[in-house]
Amino acid sequence: GTYDTIIVPRARKVYQSYVSSIYTSLRSALDILVALTTIPTQRAGTSNAKGFQYPHVIVTNGPATGFIVGLMAHILKVLYLAPQERLRVVFVETWARTHNLGLTGKLFYWTDIPDVFVVQSEKLSKVVSKPNIGNVNLMWAQSRRHCKPSK
């Protein structure tokens, strides 16, 4: 598989007022809309470029911008502007949330936008009735320690 990274502006900066975040969130949503519907520049001109116009999977773990990405993907699919088999949203609630969901987790939970919604805490899994995938950060770090450097 392959992946492309497209950087979009944040929906809201830390400690930004809610009033001014309306503008920055709308600006972010427009840039996200372009990112979700445009063939990435590194793919343009290739024989299969059209196949990269809409991402297959979007993975996010919590910032507000991640919710707007999921929301824009959902809107594109609801309006049949994007293929239904694309723009699958996977939300992973951060391992730091053990007792309740963060704001983005709550928004995804209430709207039921994600195709996959998982948490990294066993305790939180029981509270919100979502699958627990364990602490991915810890598992990744442990697996890296057991890897031998290649020569």
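**Notebook: a helix pair and some salt bridges**

I began with the first two helices of this predicted model, and found that the axes of helix 1 (residues 18–37) and helix 2 (residues 64–78) come within 9 Å and cross at roughly 55°. That angle makes helix 1 oblique to helix 2, and I noted the crossing as right-handed.

Next I looked up which residues meet there: helix 1 brings S25, S28, A29, I32, L33, L36 and T37, while helix 2 brings T65, I68, V69, M72, A73 and L76. Sorting the residues of this contact, I counted 9 nonpolar, 4 polar and no charged.

I then turned to charged pairs, and a search of the whole structure gave 4 salt bridges. One of them joins the side chains of K77 and D115, at 4.0 Å from N to O. This pair links distant parts of the chain, since K77 sits in helix 2 and D115 in the loop between helix 3 (103–111) and strand 3 (116–119), 38 residues apart. I checked accessibility as well: K77 has 12% relative accessibility and so counts as buried, whereas D115, with 39%, is partly exposed.

D115 also forms a salt bridge with R88, where the closest N and O atoms are 3.8 Å apart. Because R88 belongs to strand 2 (residues 88–93) and D115 to the loop between helix 3 and strand 3, this pair ties together parts 27 residues apart in sequence. R88 is partly exposed, at 35% relative accessible area. I therefore recorded K77, R88 and D115 as linked in a network of salt bridges.

My last entry is the salt bridge of E122 with K126, whose closest N and O atoms are 3.6 Å apart. Both residues lie in helix 4 (residues 122–128), 4 residues or about one turn apart, and both E122 and K126 are exposed.

Notes:
Residues numbered from 1 in each chain as written. Predicted model: local features only at pLDDT ≥ 70, side-chain atom pairs only at ≥ 80, totals over all residues. Heavy atoms only, no water. Axes fitted to C-alpha atoms, helices over the stretch in contact; angles between N-to-C directions. Helix = DSSP H or I, 4+ residues; strand = E, 2+ residues; numbered from the N terminus. Parallel < 35°, antiparallel > 145°, perpendicular 65-115°, else oblique. Left-handed = near helix turned anticlockwise from the far one by under 90°. Contact = heavy atoms within 4.5 Å. Nonpolar A, V, L, I, M, F, W, Y, C, P; charged D, E, K, R; others polar. Buried < 20%, exposed > 50% of the residue type's maximum accessible area, 1.4 Å probe, protein only.
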